[in-house]
Amino acid sequence: MQRIVVLAGGVGGARFLRGLSSAVPEAEITVIGNTGDDIHLFGLKVCPDLDTVMYTLGGGIHEEQGWGRKDESFTVKEELAEYGVEPQWFGLGDRDFATHIVRTQMIGAGYPLSAVTEALCARWQPGVRLLPMTDDRVETHVLIDAPEEEGGRKAVHFQEYWVRMRASVDARAVVPVGAESAKPGPGVLEAIAAADVVLFPPSNPVVSVGTILAVPGVREAIADADVPVVGLSPIVGDAPVHGMADKVLAAVGVEATASAVAEHYGSGLLDGWLVDTVDAGRVGAVEEAGIRCRAVPLMMTGTEATAAMAREALALAEEVRA
Ligand code: GDP
Ligand code: CA
């Protein structure tokens with residue numbers, strides 16, 4: 001049986017995983033999920049990326065939106081707003097609240113996040129093994145200009161930058177607070193060591209895949225393992241397909257192009273890279289950087305198109321293995 005490890009963020013990672021599962025239903029897929037986006041709200045622990053993967057693969061996702069539950073209502077959010085409770089910029093629906101209540105209750109009872117995630121997945125049956133990158137607390141913060149502050153800068157939680165501010169100001173730096181002392185979650189290094197192929201889906205290279213790689217030991221385990229590593233570009237036609245990934249790429253000094261992202265990961269990590277057909281002109285630059293590259297359609301317009309992307313990634317993995 002083929003063992004595939006995928007480093008996933010939220011929407012981009014989850015949609016890719018659905019295509020991958022459909023392309024190779026018999027494969028054993030382990031997802032290492034980003035927890036740097038996690039946030040405490042109203043006393044509850046919210047894990048947006050883990051939940052997006054779980055809901056998407058478990059059939060509970062709001063399809064058009066890409067995150068949150070389908071058939072959702074917002075009574076609790078409205079009632080909290082009536083009390084004037086902040087923050088009001090993060091949309092938690094009633095069904096979603098239940099997930100966060102169960103998670104917070106279990107964590108309060110002493111269970112690590114990995115065990116909690118497994119328990120939540122017992123309901124959703126995502127068909128993959130979903131492992132948090134770490135059980136330790138890691139929180140991505142974004143440094144922005146703040147003329148009123150001493151030093152002229154301040155750090156805000158990633159969700160505040162992304163959701164409240166819609167990344168409308170420049171990010172000066174992205175810091176995964178706590179990552180340097182975090183340990184990989186149970187099963188993470190073992191899954192990498194046992195993998196036949198490692199995939200980077202078209203997730204955000206900085207705040208999704210980059211945060212997972214920032215957990216000490218993960219990058220090294222992938223780079224040192226004798227396993228093909230293939231990624232798919234989230235940048236198509238010199239812009240993110242959705243969202244504002246260009247803002248956080250700029251913070252780490254990387255252009256928003258399919259080839260610059262591949263070079264950012266580097267040939268020490270990546271063996272193969274897929275760019276969209278509109279970026280075929282960038283294949284040469286990626287290959288010059290020592291990474292095998294192909295141009296194929298990379299728009300996840302539906303499960304069949306996404307499954308085709310997954311097959312291309314697996315085919316490229318076989319090519320670099322040979
Ligand atoms: P988030 O945590 O919800 O932001 O999701 P991820 O980090 O997993 O993925 C976000 C990235 O997915 C963005 O940078 C998008 O450009 C990328 N993305 C979304 N849809 C598509 C698509 O159809 N094709 C490609 N190539 N990238 C996509
Ligand atoms: Ca995310």
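Let us start where two helices meet: helix H2 (residues 48-58) packs against helix H4 (residues 94-108) at an angle of about 120°, and their axes lie 12 Å apart. That angle makes H2 oblique to H4, since angles under 35 degrees count as roughly parallel, over 145 as roughly antiparallel, 65 to 115 as roughly perpendicular and the rest as oblique. The axes are lines fitted to C-alpha atoms, for helices over the stretch in contact, and the angles run from 0 to 180 degrees between N-to-C directions. Helices (H or I, at least four residues) and strands (E, at least two) are DSSP runs, numbered from the N terminus.

A word on the model itself. It is a predicted one, in which local features need pLDDT of at least 70 and side-chain atom pairs count only at pLDDT 80 or more, while totals for chains, interfaces and linings use all residues. Residues are numbered from 1 along each chain as its sequence is written, chains are lettered from A and ligands numbered from 1 in the order in which they are written, and side-chain values use heavy atoms, with hydrogens and water left out.

Back to the helix pair. H2 passes H4 in a right-handed crossing; a crossing is right-handed if the near helix is turned clockwise from the far one by less than a right angle, and left-handed if anticlockwise. On the H2 side, Asp51, Met54 and Tyr55 meet Asp96, Thr99, His100 and Arg103 of H4, where contact means heavy atoms within 4.5 Å. The residues of this contact divide into 2 nonpolar, 2 polar and 3 charged. In that count, Ala, Val, Leu, Ile, Met, Phe, Trp, Tyr, Cys and Pro are nonpolar, Asp, Glu, Lys and Arg are charged, and the others, Gly among them, are polar.

Two of those H4 residues also appear around lysine 45, which is found in strand E4. Lysine 45 is buried, with a relative accessible area of 13%; buried means under 20%, exposed over 50%, and partly exposed in between (1.4 Å probe, protein chains only). Leaving aside neighbours within four places in sequence, lysine 45 is in contact with Asp38, Ile39, His40, His100, Arg103, Thr104, Ile107 and Leu113. Just before E4 comes phenylalanine 42, in the loop between strand E3 (39-41) and strand E4 (44-46). Phenylalanine 42 has a positive phi of about 55° although it is not a glycine, and at 29% relative accessibility it counts as partly exposed.

Another backbone feature to look for is the cis peptide bond that joins glutamate 86 and proline 87, with omega about -5°. Proline 87 lies in the loop between helix H3 (75-82) and H4.

Now turn to the open sheet, whose 7 strands pair in parallel in the order E5-E2-E1-E9-E10-E13-E14. Its edge strands are E5 (129-132) and E14 (292-295), each pairing on one side only; two strands pair if DSSP finds at least two bridges between them. From one strand to the next, the twist averages 20°. Within the sheet, strand E1 (residues 3-8) and strand E2 (residues 28-33) run parallel over 6 bridges, and valine 6 stands opposite valine 31 in E2. Helix H1 (residues 11-23) packs on this sheet, touching E1, E2, E9 (197-200) and E10 (229-232), and its direction makes about 165° with that of E1.

Following edge strand E14, leucine 298 sits in the loop between E14 and helix H13 (303-321). With a relative accessible area of 5%, leucine 298 is buried. Beyond its neighbours within four places in sequence, leucine 298 is in contact with Leu232, Ser233, Leu274, Val275, Asp276 and Met309.

A second set of strands runs antiparallel. Strand E6 (residues 139-145) is joined to strand E8 (residues 173-177) by 5 bridges, and E6 also pairs with strand E7 (residues 153-157) over 5 bridges. Leucine 143 has alanine 173 as its bridge partner in E8 and stands opposite alanine 155 in E7.

Finally, look at helix H11 (residues 258-265): 6 of its 8 residues are buried, so H11 is largely enclosed by the rest of the structure. The buried residues are Ala258, Ser259, Ala260, Val261, Ala262 and Tyr265. After H11 comes glycine 266, whose phi is positive, near 90°.
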